[in-house]
Amino acid sequence: MTHLATKVLHVEHLSKQYGPGCARCAEYTGPHHHSSQCPICGTVHACVDANFTLHQGEVLGIVGESGSGKSTLLQMINLAIAPDHGHIWYHEPRDDAAQAVDLATMNAFAKRTFRNDRLGIVYQRPELGLNMRFTVGGNVAEKLLLANWRHVGNIRERIRDLMQQTELPPERIDDEPHTFSGGMLQRVQIAKALSSSPSLLLLDEVTSGLDLSVQARVLDLIRRIQWEHRMTMLLVSHDLGVIKQLARRTIVMKNGHIVESGLTDQILEDPQHPYTQLLVSSAL
Amino acid sequence: MGYIAARGGTNAILNAEQLVDYLRLKGGSTPLSLVQIRDQLRHAVGRAMNEGALYAPMLAALAVKQAEGDSIEASFLIRAFRSTLSRIMPTRALSSRQMRCLRRISASFKDIPGGQMLGPSQDYHIRLLNTLLITESTADIGRVHAHYQELIAQGSNDPHAIGHFPKVVDYMRDEEMIAPLPVDQQEAEPFDITRTALTFPCSRSARLQALAQSDTGCLLTYAYSSVRGYGDAHPTLAELRYGMLPVEVNHPLTGEAVTIGEIEVTECETVSKAHSVGTHDTKPRFNLGYGFTFGHGEVKAISMAILDSVMSQAKRNSLGGESGPAANEEFVLLHSDGIEASGFTAHYKLPHYVTFEADLKVLERSKQHKTTQEQSRLATIATHLKEQA
Amino acid sequence: MTQTSPSQLYNFAFIDEDSKREVRRMTLKAVAIPGHQIPFASRDLPIARGWGTGGLQITMAIIQPEDTLKVIDQGDDESVNAVNLRRLLQRTAGVATTTDTDAASIVQTRHRIPEEAMRADQILVLQVPMVDPLRWVEPNLERATVMHGEADYGRMWVYMYESVVKAGDLRIASQYPVMVAGRYLMDTTPIPRWDVPKLHMAETLFLFGAGREKRIYAVPPHTSVVPLEFADYRFKVEYTPGQQCRRCGATDTFLTSHFVVQPDAPNGGHWVSSCSDSSYCTKRVLAQTVATEEIS
């Protein structure tokens, strides 16, 4: 417990834009201009030059309003969106000798295998993370099946185990998702995400839209999982309360740029950037 | 010997052919001549041509006769025949500006340069059955001919007699009302769906070709759904023209443009209300939809134009309103060919007893599984009851 | 064997040489990438779409005057549609035809693979109704194409898992999905499970033609063809212990059953099972007749 925490993810100059871009884009876009879209060429700069590091066992919060670029950033790390510039250096925590790999340069096969094996993602809306036509068990089984698990008995045992870990009744393994409540569906997503024993968990606004009491329980679960598995997490939220509960460090995004980053407590106590100050003051 | 196999397949087929013939001829009525069909059933002939994708009025008349009026069957015959023809050469790119219009209307403006010409339209017929047609005689036809000869003699000095009109969309383009074709959709050569299999996403020329030979009813249904709300609900007809289009080719020796004849066609252009926004060019413009058929097929041409417009907009994500199946290019184009659709739907008449046997086996196993599950459930309950007692 | 002279109006085997070239090129591509669907510009034929135009185009493109052709539907040479297709090919190619699988060089089939193992000098052409095995989980062709390209078959495996969970077993009765050469997921066409093992490491070339869907695919000889299955729920062929063909007594063929009316029977008749491969069945019956004649 006293060894230095190893780096898991190191993001360097990560950028994504939609449109051709022009020489004047930088002049007219960014947090000072309160806009991500260049009025000259129409290009949307969804994420500009993002840099941060994530250590093993750490929870990094990403705060921003809608349009800030936080979901784009998350989806680039999820290898679902290809960045235009930058690197996503990954260090395999299970293997100290392993070299850092730039996830952004992997081919489609490798990306898919990596995403299935080493990443887990949970979405705000269950229909994004789950297939509503399959049973709950089928949904949780998907990553296992993709990883070539071929014994139904073993698969079901693992599913039940995961359901117990996420406080879901294991006897409901064959039920359809539409018979589950919103909070329970978030747990199903978490169970699915954990099924491959990932090294990084991505959480995109997972409690937004849930009742406060349900939210609290899901947050408790996430905290417990983080503790039990020493899970490295990237937590996107617009809710400072959620960030405060789970994230040790936070980055704040506005109009595609990271405007502030540091220890969550410090940022909330003593925000430096005017936008962060605005967020913090309006949260109360 | 208990077992009797189904034999005599060849005889059955030959007898079937004879029976079909008999049904057509048993009434003993006067045989239909191809000229009669071409002249007096021109919409059936036109439909066989445009769904058969071959411009050949007399062959289409033959197909209509052979198919006993079944429009899908008639277009099937034409399509199969087209397959046997070798291709001589492509035409030059034709423009409907050269069309000799018999009919030309626009719903976009009250008046248009050249004027609105109603032409031979059934639109304003009051749909009452005309019993005079029951006793129509050759003499009646003679009188109609004589009357028209007089009208023609009177009208031949009219400058509009030739029926050349400017295009309404050209004026719209001059006024910058219409979005230009995006760069990624411009093609040097049109796609040829008869030589290359259609894959998705497909180019606009591929889409238009596929729509042009699609079943009229199918296109109508999809277009109707899109204007009722599941798509681009507000198309405006820029122009509808029906008439004779000259066909030009490059002379094989001299390379000069040569007109080899005329074809009877219908063309429709619509503009949509949803404003499409180009990438660099931020001015909003209307989106153009294009429809075209051989023969006089207004419903099909309009439906095609609406669908072309809906699909273009859907691809650009600029569709207003709820999008439905009509906006899904793959969904429409894979299901709109009448010959394919009817062939596969009808193929269920073919024997399927091998797969059915396989299905029965699976059903048995499923039933056994359910029974086993039920039994184990009851056994568990019984055990619980015993333990409680 | 029968032979008729070809019709003078049409090219040999009906379709023109350009069309044949298209089909042959795409077939070669298909053979080079086992199990992968190759789009081809399927021609309109005088036979309706859905009634064998894909298989026909392949046969028309590869058939030579010296070939011997067999056509079956549901395993039966005398099935009306088989008769009709054979008629068209006889008229336009004038090739010899046969009902004996052994004697044929090309066999065109719908929904069955012949019981007698085919050789390296023979080709089996299968008629395909629906091409993409992913259609159960992804009806959109564009997305399914990407899934094939990335060997992204996870959703199909979930589908198989779901069928075990809901029906207690792998539920697919025909058109069983298989992995070909360990790379592509392929639809085996509506052949019964009984026939699926025949595709694996076979001597003969299997060509699959879908005319309406406009795809060709192939399983070359000595290619691995493995049905999707689980370690604890294995792929099983249809087999009822004690099953027997009523006609020839075979216990190791695929049987289909039908009701035979007998006025004096208690429920008006009874079910009989017989070989679906009718010519194989007839061969066996004849062999038994000869055998009994030889004994007596």
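Me: What makes domain 1 and domain 2 of chain B separate entries in the domain assignment?
Reply: In this predicted model, the bounds come from an automatic or database domain assignment. For chain B, that assignment gives residues 13–84 as domain 1 and residues 96–336 as domain 2. The C-alpha centres of these two domains of chain B lie 26 Å apart.

Me: How do you know which residues count when domain 1 of chain B is in contact with domain 2 of chain B?
Reply: The test is a distance: two residues are in contact if their C-beta atoms, placed from the backbone, lie within 7 Å. By that test, eleven residues of domain 1 of chain B touch eleven residues of domain 2 of chain B. Helix α3 (residues 42–52) of chain B supplies the largest share of the domain 1 side, with eight residues. By class, the domain 1 side has five nonpolar, three polar and three charged residues.

Me: Why are α3(B) and α5(B) called oblique to each other?
Reply: The angle decides this one. The axes of α3(B) and helix α5 (residues 71–84) of chain B cross at roughly 50° and come within 8 Å. Angles under 35 degrees count as roughly parallel, and 65 to 115 as roughly perpendicular. An angle of roughly 50° falls in neither range, so the two helices are oblique to each other. The crossing of α3(B) past α5(B) is right-handed.

Me: Which residues make the contact of α3(B) with α5(B)?
Reply: From α3(B) come B:Ala44, B:Arg47, B:Ala48, B:Met49, B:Glu51 and B:Gly52, and from α5(B) come B:Ser71, B:Ala74, B:Ser75, B:Ile78, B:Arg79 and B:Arg82. Sorted by class, this contact has five nonpolar, three polar and four charged residues. If you wonder where B:Gly52 belongs, Gly counts as polar here.

Me: And why are α7(A) and α8(A) called roughly parallel?
Reply: Here the same kind of check applies. The axes of helix α7 (residues 182–194) and helix α8 (residues 212–229) of chain A cross at roughly 15° and come within 9 Å. The limit for roughly parallel is under 35 degrees, so α7(A) and α8(A) fit that term. α7(A) passes α8(A) in a right-handed crossing. The contact uses A:Gly182, A:Gly183, A:Gln186, A:Arg187 and A:Ile190 of α7(A), and A:Val214, A:Arg217, A:Val218 and A:Leu221 of α8(A). Four of these residues are nonpolar, three are polar and two are charged.

Me: What makes the phi of A:His34 worth a remark?
Reply: Its phi is near 55°, a positive value, and the residue is not glycine. A:His34 sits in the loop between α1 (25–28) and β2 (44–55) of chain A.

Me: How do you know that the peptide bond that joins B:Phe200 and B:Pro201 is cis?
Reply: Look at omega, which is about 0° for this cis bond. B:Pro201 is in the loop between α7 (168–174) and α8 (204–212) of chain B.

Me: What does the contact take from chain C and from chain B?
Reply: The contact takes 49 residues from chain C and 42 residues from chain B. On the chain C side, the elements giving two or more residues are α3 (80–93), α4 (141–149), β11 (255–261) and β12 (269–275). Of these, α3(C) gives the most, with four residues. The chain C side divides into 17 nonpolar, 16 polar and 16 charged residues.

Me: What are the domains in the domain assignment of chain C?
Reply: They are domain 1 (17–227) and domain 2 (255–295), with C-alpha centres 29 Å apart. Their contact takes twelve residues from domain 1 of chain C and five from domain 2 of chain C. The domain 1 side has one nonpolar, four polar and seven charged residues.

Me: Where in chain B is the pLDDT below 50, and how should such a stretch be read?
Reply: That is residues 1–6 of chain B, a stretch with nine contacts beyond near neighbours in sequence. Where pLDDT is low, the predicted coordinates should not be read in detail. Chain B as a whole averages a pLDDT of 88, and 93% of its residues score at least 70. Chain C averages 91, with 96% of its residues at 70 or above. In chain C, pLDDT likewise stays under 50 over residues 1–6. The model scores ipTM 0.88 and pTM 0.85.

Notes
Residues are numbered from 1 along each chain as its sequence is written. Chains are lettered from A and ligands numbered from 1 in the order in which they are written. This is a predicted model: local features need pLDDT of at least 70, side-chain atom pairs count only at pLDDT 80 or more; totals for chains, interfaces and linings use all residues. pLDDT is the predictor's confidence in each residue, from 0 to 100. Axes are lines fitted to C-alpha atoms, for helices over the stretch in contact, and angles run from 0 to 180 degrees between N-to-C directions. Angles under 35 degrees count as roughly parallel, over 145 as roughly antiparallel, 65 to 115 as roughly perpendicular and the rest as oblique. A crossing is left-handed if the near helix is turned anticlockwise from the far one by less than a right angle, and right-handed if clockwise.
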